[in-house]
Amino acid sequence: MKNIILTNDEKHQIVEKYFDMIYRLAFAQVKSREYADEVVQEVFLRFLKNKKSFESDEHIKAWLIRVTINCGHNIFSNSWYKKTVPLVENEIDSVAQMEEKSDIYYAVKELPPKYSAVIHLFYYEDMSIEDISKYLKINPSTVKSQLSRGRNILREKLKGGIDFV
Amino acid sequence: MFRKKYKELIDQTEPNRELLNKIFEKAKTENKQSTKSKLYKFTARYGAVLAAVFILSVSAVIYTQLNYSDQTLIVKNKSNDEEIILKNEFDTEDVDITAGQEENVKYGETNDLTKEETVQNQSSEHYSYAEKNRTASVEPDLSEIKENKAIISNLESSSEDENQLIYSMLKDYFGEIDLETGNQFIFDIAGKFQSEDGQYYLGRWLWNVGDHNSLLCEFVIKSNLFEMYECFIENDYIIWTNSNNLLKN
């Protein structure tokens, strides 16, 4: 397969193309605008500085998704995050005050990050289990189990109020 | 319907577009800095290599000299051999080689997740939460929910009249526009199939979001048009539960 080395202009176009998708994925994972900004900035700076060649548009998309998830995990392991958790929670709540606070909001907010990514890709980006497995480079059965565990957590939080199937 | 509610929730989060310019500017600045520092990097790299070679050479000389003096010492202290051996044995006993193993065993008892999950959990603040809920996820309370399955290859095409009847019923029931978001609803029937309790139609419910359609859910609707459930397509199966009839009101 032919590898493409991207020019700066092409890279800028790609950043603009995937910006919304990556921002929402980061937000779904870290559940805070402040940290989502941090993650998105890190992901795209890495992409712009990267000298790596890509095989296709799908390859770029997969790379961006994986780096976003890894950067999201790094935020949680960062000692600064651990020290500022109460502040961040207040910030999320203040964002929520602008919006209608629904049961779904609280359920999703409390969903562990490892399940958030899979739930987001499945329910928001409409990706199939096979697609998620391909993008995240993990086994389809792992995707299935993470999806199922995520759903069960949400189902428990929502007390059966919403049908997932 | 979780997918619809989740999309609404995430759509409320408008991406911070100002961040785009910030990223481009930052990348440009860092790029300039990296060009300027190339010379320094070059000097530093070769300087480091030279320093490393020098240190290795000096270390090799010192090591050779030390070995030579040790051998001399051994010859000189041949009569004290027994004492040296005893000291060596004592030193070995001082090392607690079981400490690490005990820790591993302890860790294994409390956490039987896979390696990948363990790494993710360690890096997560929600470790204890995920663990707590994992027990719940193993034994979900599904006693009241009946799961139905149908093989997707048994799907037959439905006639245009049947489809139109379903579209008009769904539009009457749910409206043509989502009042919460202003997006137009689109219903799409893929075909029909026979299940244990009757004939069902399989369809998709979408939003028309300007330039594209966004999936809200896949659903099955019974031929009597009184029951409609969200469904999930996994491998070759259409899976749904009868827990939440979308046409119950």
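Accessible areas here come from the Shrake-Rupley method with a 1.4 Å probe. Keep in mind that this is a predicted model. Let's work through some exercises together.

**Exercise 1.** Find how much area chain A exposes and what share of it carbon and sulfur atoms supply.

*Solution.* Step one: chain A exposes about 7400 Å². Step two: carbon and sulfur atoms supply 49% of that area. Step three: turn to the residues of chain A, where 58% of the 165 are buried.

**Exercise 2.** Describe the secondary structure of chain A.

*Solution.* Step one: count the elements, which gives nine helices and zero strands. Step two: read them from the N terminus on, and the order is α-α-α-α-α-α-α-α-α. Step three: look at contacts with a separation of 6 or more; residues 24 or more positions apart account for 68% of these in chain A.

**Exercise 3.** Decide whether Ile55(B) is buried or exposed, and place it in its surroundings.

*Solution.* Step one: locate Ile55(B) in helix H3 of chain B, residues 38-76. Step two: exposed means over 50% relative accessible area. Step three: Ile55(B) has 53% relative accessibility, so it counts as exposed. Step four: Ile55(B) joins Phe54(B), Val58(B), Ile62(B) and Leu66(B) in a nonpolar surface patch, with about 480 Å² of accessible area together.

**Exercise 4.** Work out whether Cys231(B) is in a disulfide or in none.

*Solution.* Step one: a disulfide needs two cysteine sulfur atoms within 2.5 Å. Step two: a search of the whole structure finds zero disulfides over all chains. Step three: for Cys231(B), the nearest cysteine sulfur belongs to Cys217(B) and is 7.6 Å away, and Cys231(B) is in no disulfide. Step four: Cys231(B) counts as buried, because its relative accessibility is 4%.

Key: Residues are numbered from 1 along each chain as its sequence is written. Chains are lettered from A and ligands numbered from 1 in the order in which they are written. This is a predicted model: local features need pLDDT of at least 70, side-chain atom pairs count only at pLDDT 80 or more; totals for chains, interfaces and linings use all residues. Side-chain values use heavy atoms; hydrogens and water are left out. Patches are made of residues with over 30% relative accessible area and no salt bridge: like charges are joined within 9 Å, nonpolar side chains (Val, Leu, Ile, Met, Phe, Trp, Tyr) within 5 Å. A salt bridge is a side-chain nitrogen of Lys or Arg within 4 Å of a carboxyl oxygen of Asp or Glu. Helices (H or I, at least four residues) and strands (E, at least two) are DSSP runs, numbered from the N terminus. Buried means under 20% relative accessible area, exposed over 50%, partly exposed in between (1.4 Å probe, protein chains only). Contact means heavy atoms within 4.5 Å.
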